[in-house]
Amino acid sequence: MENLKITTYQGYLFWENIDKNLQNITLRLGGIREKTDLIILPEMFNTGFTMDAERLGEPMGGKTMQWMKATAEKYNCTITGSLIIKENNKYYNRLIWMRADGTYEHYDKRHLFAMGKEHLTYTAGTKKLVVELKGWKICPMICYDLRFPVWLRNVKEQYDMLIIVANWPEKRALHWRTLIPARAVENQSYVIGLNRVGHDGNEVYHSGDSTCISPNGDVVYYKRDEEDVYTFTINPDELTRVRRAMPFLRDADEFVIKD
């Protein structure tokens, strides 16, 4: 494992306006002044958290994925975030893991936010995604998944870093700020929670509170309320030290999740 340089975009999202969001993110990322390995964008970064999937859903390989491919190539890095995908007459809140060479993998949000009627529009995923970057095993998840520790459980050191991309409202920010450190400590991994800021089309305010927490529970990065493009580095030494000093994962329960 090598040091990993990560750029987070805690951004304002223009409601249901794909072109304007892609233009704005392109502009904001233009402020990156150092080589990065990974750019992380919020949940539904090109539309905001909307249920209008029929109008805004794109096919695999559509406009937004083409933008992700071009951006990953431009910065010679991986870029990730979720968007609305239409596939086989179904809609998915799908995270794309786009590499610089144009290859990609995806994860479909498993836990759909029933309070927001997400489950009435989107189809839930059934499989985790674990990808590798510079020797790091990384597990990306989406927003509401954060509340379900069994799904996120780091079984047999399956991953070294957990990513949560989100549209998490400010009125439940205390839960966000509590659960992310809990996931880091219990899974002995880095956890990055990347949220949006500002009001959405339903006048729901998002305070950001994007953060990176170390396996020991220390704050590596935190930002509230403002748009922010920030690049920071994590190194594997802290991860190795914590797992060796406190090998709690060895005593974890074995279990199988049944659909």
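Which residues of H5 are buried? In helix H5, they are Ala173, Trp176, Leu179, Ile180, Arg183, Ala184 and Asn187. Buried means under 20% relative accessible area, exposed over 50%, and partly exposed in between, with a 1.4 Å probe and protein chains only. Seen down the axis of H5, these buried residues fall within an arc of 135°, so they line one face of the helix. The arc is that of the directions from the helix axis to the C-beta atoms.

This is a predicted model, in which local features need pLDDT of at least 70 and side-chain atom pairs count only at pLDDT 80 or more, while totals for chains, interfaces and linings use all residues. Residues are numbered from 1 along each chain as its sequence is written, and side-chain values use heavy atoms, with hydrogens and water left out.

**Two helices**

Helices (H or I, at least four residues) and strands (E, at least two) are DSSP runs, numbered from the N terminus. The expected span of a helix is 1.5 Å times one less than its number of residues. H5 covers residues 173–187, which makes 15 residues. From its first C-alpha to its last, H5 reaches 21 Å, close to the 21 Å expected. The buried residues of H5 pack against H4, S8, strand S9 (190–194), strand S11 (205–213), strand S12 (219–224) and helix H6 (236–245).

Helix H3 (residues 63–75) has 13 residues and should span 18 Å; its end C-alpha atoms are 19 Å apart, which agrees. The buried residues of H3 are Thr64, Met65, Trp67, Met68, Thr71, Ala72 and Tyr75. They fall within an arc of 155° seen down the axis of H3, so they line one face of the helix. An α-helix has 3.6 residues a turn, so residues three or four places apart point the same way. The face of H3 turned away from its buried side carries Glu73 and Lys74, which are exposed. Among the elements that the buried residues of H3 pack against are helix H1 (18–29), strand S2 (38–40) and strand S3 (78–87).

**Positive phi angles**

Most residues other than glycine have a negative phi, and most peptide bonds are trans. The table lists residues with a positive phi.

| Residue | Place | Phi |
|---|---|---|
| Glu16 | loop between strand S1 (4–10) and H1 | about 55° |
| Asn76 | just after H3 | about 50° |
| Glu157 | loop between helix H4 (149–152) and strand S8 (161–165) | about 50° |
| Gln188 | just after H5 | about 45° |

Glu157 counts as partly exposed because its relative accessibility is 32%.

**Empty space**

Rolling a probe the size of a water molecule over the atoms shows where empty space is left. On a 1 Å grid over the protein atoms alone, a cavity is a set of points where a 1.4 Å probe fits but cannot get out, and a pocket is an open set with protein on both sides within 12 Å along at least five of seven lines; lining residues have an atom within 4 Å of a point. Grid points are joined across faces, edges and corners, and a volume is the space filled by probe spheres set on the points.

The structure holds 1 cavity of 30 Å³ or more. The largest cavity has a volume of about 30 Å³. Glu157 and Gln188, both in the table, are among the residues that line this cavity.

The largest pocket has a volume of about 400 Å³. It is lined by 23 residues, of which Phe49, Phe113, Gly116, Pro169 and Arg172 are the closest to its centre. The lining of the largest pocket divides into 10 nonpolar, 5 polar and 8 charged residues. Here Ala, Val, Leu, Ile, Met, Phe, Trp, Tyr, Cys and Pro count as nonpolar, Asp, Glu, Lys and Arg as charged, and the others, Gly among them, as polar. The second largest pocket has a volume of about 160 Å³. Its lining has 6 nonpolar, 1 polar and 4 charged residues, including Trp151 and Phe255.

**Two buried residues**

Thr7 is found in strand S1 and is buried, with a relative accessible area of 0%. The C-alpha atoms of Thr7 and Ile39 are separated by 4.7 Å, although the two are 32 residues apart along the chain.

Asn21 has its place in helix H1 and is buried, with a relative accessible area of 1%. Leaving aside neighbours within four places in sequence, Asn21 is in contact (heavy atoms within 4.5 Å) with residues including Tyr12, Phe14 and Phe45.
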